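Visitor: I would like a close look at a single part of this model, taken slowly and with the numbers kept in. Could you walk me through it?

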Amino acid sequence: PKKFATLYTLGSLFAISSFSFLWGPMNHIKHLFSVPRLPFTTAYIGTILATLYFSLWVKSTILTVVCAICQVITLVWYIVSYIPGGQTGLKFFSKVFYSVATKTVQKTLPV
């Protein structure tokens, strides 16, 4: 899990960097550090640093996994807020996943 979290963190940084190439690096940095985006930016940078810290220096699997999960949540938050149709797409896929999961649970569990 620690190696995966480290590689996932690097991939996550590349995903955010791709937006910098689309908008221009300075425009993207200014936008990330604007007042409305500051909570996301601090949460995202914090989870990246925490994931790297717990995976590379502390070497704690549990804390690495927790930080990686938080990093996934912040990246989804970023994608939903920036990509046009992100909220609609997330709702659609959530409904699809929920229906598949409930059908599978109803078939496999005798509840």
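**A surface patch and the helix behind it**

Guide: Happily! Let us begin with a nonpolar patch on the surface, formed by M26, I29, F33, L38, I45 and L49, whose accessible area together is about 570 Å². Two elements each give two or more residues to this patch, namely α2 (25-32) and α3 (38-58). Helix α3 supplies the largest share, with 3 residues. Please keep in mind that this is a predicted model, so every value here is computed from predicted coordinates.

One member of the patch deserves a stop of its own. M26 sits in helix α2. Its relative accessibility is 54%, and because exposed means over 50%, M26 counts as exposed.

M26 also brings us to a database record. In an unreviewed UniProt entry, the annotation "transmembrane region" is placed on residues 6-26, 38-56 and 62-83. The model can be set beside two of those ranges. Residues 6-26 are 95% helix and 0% strand, with 26 Å between the end C-alpha atoms. For residues 38-56 the chain is 100% helix and 0% strand, and the C-alpha atoms at the ends lie 27 Å apart.

Now let us stay with helix α3 and turn to its aromatic side chains. The model as a whole has 7 aromatic pairs. One of them joins F40 and Y44, a stacked pair with 5.5 Å from centre to centre and 20 degrees between the planes. Both residues belong to helix α3, where they are 4 residues apart, about one turn of the helix.

How covered are these two rings? The cut-off for buried is under 20% relative accessible area. F40 is buried, because its relative accessible area is 2%, and Y44 is buried as well, because its relative accessibility is 4%.

Another pair has a different geometry label: Y53 and F54 have ring centres 5.3 Å apart and planes at 65 degrees, so this pair is edge-to-face. The label follows because planes over 60 degrees apart count as edge-to-face. Y53 has a relative accessible area of 43%, so Y53 is partly exposed.

Finally, back to the stacked rings. F40 and Y44 join W77 in one aromatic cluster. Helix α3 can therefore be read in two ways: α3 gives 3 residues to the nonpolar surface patch, and α3 also holds F40, which is buried at 2% relative accessible area.

Terms used: Residues numbered from 1 in each chain as written. Predicted model: local features only at pLDDT ≥ 70, side-chain atom pairs only at ≥ 80, totals over all residues. Heavy atoms only, no water. Patch = residues over 30% accessible without salt bridge, like charges linked within 9 Å, V, L, I, M, F, W, Y side chains within 5 Å. Areas by Shrake-Rupley, 256 points an atom, 1.4 Å probe, with all protein chains shown as cover. Salt bridge = Lys/Arg side-chain N within 4 Å of Asp/Glu carboxyl O. Buried < 20%, exposed > 50% of the residue type's maximum accessible area, 1.4 Å probe, protein only. UniProt positions renumbered as here; feature names shortened; annotations may be inferred. Phe/Tyr/Trp six-rings, centres within 6.5 Å; stacked < 30°, edge-to-face > 60°.
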